[in-house]
Amino acid sequence: MKIKGWKEIMPGGLVTEPGSSVTYETGTWRSSRPTIDKERCTHCLLCWVFCPDGSIVVRDSKVVGIDLKHCKGCGICANECPRHAITMVDEIKARVEEGLS
Amino acid sequence: MSNVIQQVKGKVVALEGDYAIAEALRQINPDVMAAYPITPQTEIVQKFSEFYAEGVVDTEFVPVESEHAALSTCVGASAAGARAMTATCGAGLALMWEILWCASGLRLPIVMAVVNRSLSAPLNILTDQTDEMATRDAGWVQLYAESHQEAYDNIIQAVRIAEHPDVMLPTMCGMAGFVLGHALGQLELLPDEAVRKFVHIYHPHYSLLDTDCPVTFGAFDHWDYFFPHKRQQWEGLNNALRVIPEIGEEFGRLTGRYYGLVEPYMLDDAEVAIVIIGSAAGATRVAIDEMRAEGIKVGMLKVRCYRPFPADAIAEALQGRKAVAVLDRTSCMGGEGSPLFTEICSALYNRNIAMKIISYTYGLGGYDTIPEEFCQVYRNLLQIAQGGKIEPIHRFLSLPERGES
Amino acid sequence: MAIKLTDICNKEEKLASGHRGCIGCAETIIVRQVMAAIDGPVVVASPTGCLEIITTPFPTTAWRVPWIHNAFENSSSTLAGAETAYRSLVKQGKIEDKGLKFVVFGGDGATYDIGLQFISGVIERGHRLLYVCLNNEAYMNTGIQRSSATPLGAWTTTTPVGKAVPGKIQPRKNLIAIVAAHNIPYAAQAAPHAWRDLMTKVQKAIAIDGPSVIDVLSPCARGWRHSTNETIAISRLSAETGAWPLYEVDHGKWKLNYNPVPRKPVIEWLKAQGRFSHLLQPGNEHIVEEFQQQIDKQWAELESMSQ
């Protein structure tokens with residue numbers, strides 16, 4: 001990102017764009033990624049409430065996926081899922097399988 | 001708009017300096033006042049507490065548990081878009097130290113009265129300017145008062161200076177403890193309405209209370225943006241060099257009392273001059289009048305605004321003097337003279353103005369200084385001007401090595 | 001009415017993704033839970049610390065609510081200033097009363113140590129704000145130095161395990177007892193695994209017209225030396241062993257909110273964390289024993305006060 005000059009930035013360290021941290025993709029930190037077995041998931045939402053990164057995507061109170069741009073792969077969701085519906089898989093392998101590597 | 005200002009007639013009263021400040025605070029009627037009592041500032045807080053208790057101000061008064069909390073509370077209140085004020089001195093100002101930088105770095109226009117007091121140890125509650133001058137680099141605008149009237153007037157102008165969109169920086173107003181703070185002095189109080197109209201209502205650009213447009217105050221800067229933010233802050237403080245005289249001019253049209261960055265006294269034709277800050281300028285005037293009566297051409301430059309440093313105004317005023325003594329009432333240890341002295345030397349040097357210039361430290365911790373001692377300074381300067389010995393460059397005014405028996 | 005995840009999960013997150021929290025950080029879990037529990041507009045302050053650094057690297061912010069950082073020790077006073085400003089401006093009719101709520105999120109260093117005087121002042125003066133301590137039991141932002149919230153026996157970088165001294169030799173300070181001694185309307189201990197208990201406490205606290213403090217245990221994978229996926233499991237174990245009792249002091253009434261029967265021995269909590277690994281070595285049994293005795297004593301007190 002281009003560093004702005006002193007006349008171009010907000011004074012006093014003000015940030016006027018709320019939630020602008022989303023532009024920073026912490027998903028690149030991940031060494032393993034959660035995958036959800038949709039058959040087993042009961043949408044209890046414990047993964048959502050225990051996620052440090054707000055990366056469990058929920059729509060109409062249902063778990064619909066993982067925000068891989070920001071999920072850091074801590075594995076708390078997999079550890080806490082009462083139905084063992086979430087598995088952590090190796091990130092490199094997952095990318096190879098996705099053809100993204 | 002400023003052209004239509006009508007001069008108003010105030011009420012002439014006799015007040016202690018602390019009460020004069022409290023009256024100014026009452027008339028400004030800030031949204032939030034957070035303060036902690038400390039000698040010799042205590043009477044400001046006491047008096048303002050009375051105003052609060054009687055309901056004559058709209059202010060929410062927060063009687064905090066320390067000066068550090070006082071300024072911290074003001075930072076939160078100011079970020080929330082309130083006009084926030086406080087008062088302190090000496091050790092209290094020292095305890096605020098860290099937050100002085102936060103307030104200026106966050107660009108919050110807090111106004112603070114400082115009833116100048118020495119710093120321990122040894123414990124001493126009397127006046128010098130060590131407390132405020134030690135905060136020189138904290139990024140606040142600094143004004144100092146010579147008299148009760150100036151102390152009162154400065155606080156009112158400080159609100160406008162701090163909140164000026166080109167400045168947006170906290171401002172402190174110094175006044176000598178006891179000498180002004182506890183002594184009765186005559187001054188003219190403006191009508192309440194005139195003060196309220198002069199300071200008008202504060203409209204912040206951003207507020208912590210605006211939940212529709214949420215703003216993050218005090219984000220953390222890495223190497224990439226800290227320096228740029230400091231550069232901006234520098235710009236804001238330098239802008240005050242223009243804004244302070246503008247506000248002083250407007251205030252003058254309202255009151256007949258005009259203010260600038262510096263104030264000369266009998267300086268135009270003076271061969272030698274004293275440069276001084278604060279209440280001792282009064283004793284210097286007496287000395288000047290005595291010597292002028294004898295036909296000796298001496299003068300004074302009083303520095304009202306110490307930060308930002310008015311280098312141009314000082315150099316211009318001192319140009320043509322043969323010898324100058326800069327008198328500092330601060331125990332700045334180990335320098336080549338005292339802080340005002342070194343900075344004036346720098347201002348003169350950079351403008352190719354050559355003159356003999358010496359530094360005096362005087363009056364620390366309330367050590368009394370009388371007009372005759374300023375006369376002696378002038379006599380020394382006249383000798384130096386005529387080719388006499390300039391050394392020592394840094395001197396201690398009227399401080400005998402041994403007492404008289 | 002019991003809080004249901006299905007009701008709160010559709011609200012906009014007040015803490016956006018992209019923050020730089022360590023992998024498996026409990027602090028951001030707690031912040032998400034607290035913010036999800038509060039309805040209506042909120043203003044937040046944070047002292048210097050992990051949360052501040054990870055959420056606001058200029059020119060971006062993870063906050064979708066107004067937020068302020070002033071310094072390390074004074075977030076309570078700073079937010080009290082904003083709260084005072086709000087009262088003043090509303091009273092004068094300069095702004096409208098939107099029922100704003102005020103929340104501080106501060107680490108244990110900022111709360112137990114350097115900021116304690118400020119918090120005491122804010123409580124004594126009755127400012128209307130909720131102070132949430134994100135208690136990871138040490139100065140984690142600067143690299144795991146001990147605080148007065150660090151438990152007995154714990155290794156930190158300033159209580160290293162040596163031949164002469166086996167980690168921290170003092171038990172942690174009892175913050176809630178100190179806070180409760182101010183006759184505060186509401187104070188509690190909570191932990192993120194017990195999300196409903198935590199959110200219920202937040203809702204009780206935020207509804208009060210006065211100060212409240214919730215001390216939330218915040219397991220730290222880096223500092224406690226556990227795996228990143230165990231954050232919530234360790235939190236759970238802390239409650240099950242009584243190492244971190246979940247209780248509240250509601251208008252002077254003490255209440256244990258969770259009373260496991262049987263209570264697991266503290267050794268189970270200790271052995272799950274690398275910071276206590278030396279306590280499992282021969283010769284250090286007495287420290288474990290002392291730790292257990294302290295828990296038993298505190299538990300008995302809590303049970304008796306909860307009567």
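A polar contact here is a pair of N or O atoms within 3.5 Å; within protein, one must be able to donate a hydrogen and the other to accept it, and residues adjacent in sequence count only if both atoms are side-chain atoms. Keep in mind that this is a predicted model: local features need pLDDT of at least 70, side-chain atom pairs count only at pLDDT 80 or more, and totals for chains, interfaces and linings use all residues. Residues are numbered from 1 along each chain as its sequence is written, chains are lettered from A and ligands numbered from 1 in the order in which they are written, and side-chain values use heavy atoms, with hydrogens and water left out.

**Exercise 1. Work out the surroundings of B:Gln27.**

Step 1: Find the element. B:Gln27 sits in helix H1 (residues 17-28) of chain B; helices (H or I, at least four residues) and strands (E, at least two) are DSSP runs, numbered from the N terminus.

Step 2: Check the exposure. With a relative accessible area of 1%, B:Gln27 is buried (buried is under 20%, exposed over 50%, partly exposed in between, using a 1.4 Å probe and protein chains only).

Step 3: Look for partners. Setting aside residues up to four places away in sequence, B:Gln27 touches several residues, including B:Tyr152, B:Leu190 and B:Arg196; contact means heavy atoms within 4.5 Å. Its side chain also makes a polar contact of 2.9 Å with the side chain of B:Asp192.

**Exercise 2. Trace the open sheet of 9 strands and name its edges.**

Step 1: Write down the order. It goes S9(B)-S2(C)-S1(C)-S3(C)-S4(C)-S6(C)-S5(C)-S7(C)-S8(C), and the pairing is mixed. Two strands pair if DSSP finds at least two bridges between them.

Step 2: Pick out the ends. Strand S9 (216-217) of chain B and strand S8 (253-256) of chain C each have a single partner strand, so one side of each lacks a neighbour in the sheet.

Step 3: Zoom in on the join between chains. S9(B) and S2(C) run parallel, joined by 2 bridges. B:Thr216 stands opposite C:Trp67, and B:Phe217 has C:Ile68 as its bridge partner.

**Exercise 3. Describe the interface of chain B and chain C.**

Step 1: Get the size. About 3200 Å² is buried, with carbon and sulfur atoms giving 61%; buried area is the accessible area (1.4 Å probe) that two parts lose on being put together, summed over both. On the chain B side, B:Glu65, B:Leu209 and B:Phe220 lose the most area, together 20% of what that side buries.

Step 2: Count the charged and polar links. The rule finds 4 salt bridges (a side-chain nitrogen of Lys or Arg within 4 Å of a carboxyl oxygen of Asp or Glu) and 16 residue pairs in polar contact, both at pLDDT 80 or more. The largest share of the chain B side, 8 residues, comes from H3(B).

Step 3: Try an example. C:Lys91 forms a salt bridge with B:Glu60, the closest N and O atoms being 2.9 Å apart.

**Exercise 4. Place C:Glu73 and find its partners in chain B.**

Step 1: Locate it. C:Glu73 is in the loop between strand S2 (67-68) and helix H4 (75-91) of chain C, and is buried at 7% relative accessible area.

Step 2: List contacts. Beyond four places in sequence, its contacts include B:His68, B:Glu98 and B:Ile99. The side chains of C:Glu73 and B:His68 are joined by a polar contact of 2.7 Å.
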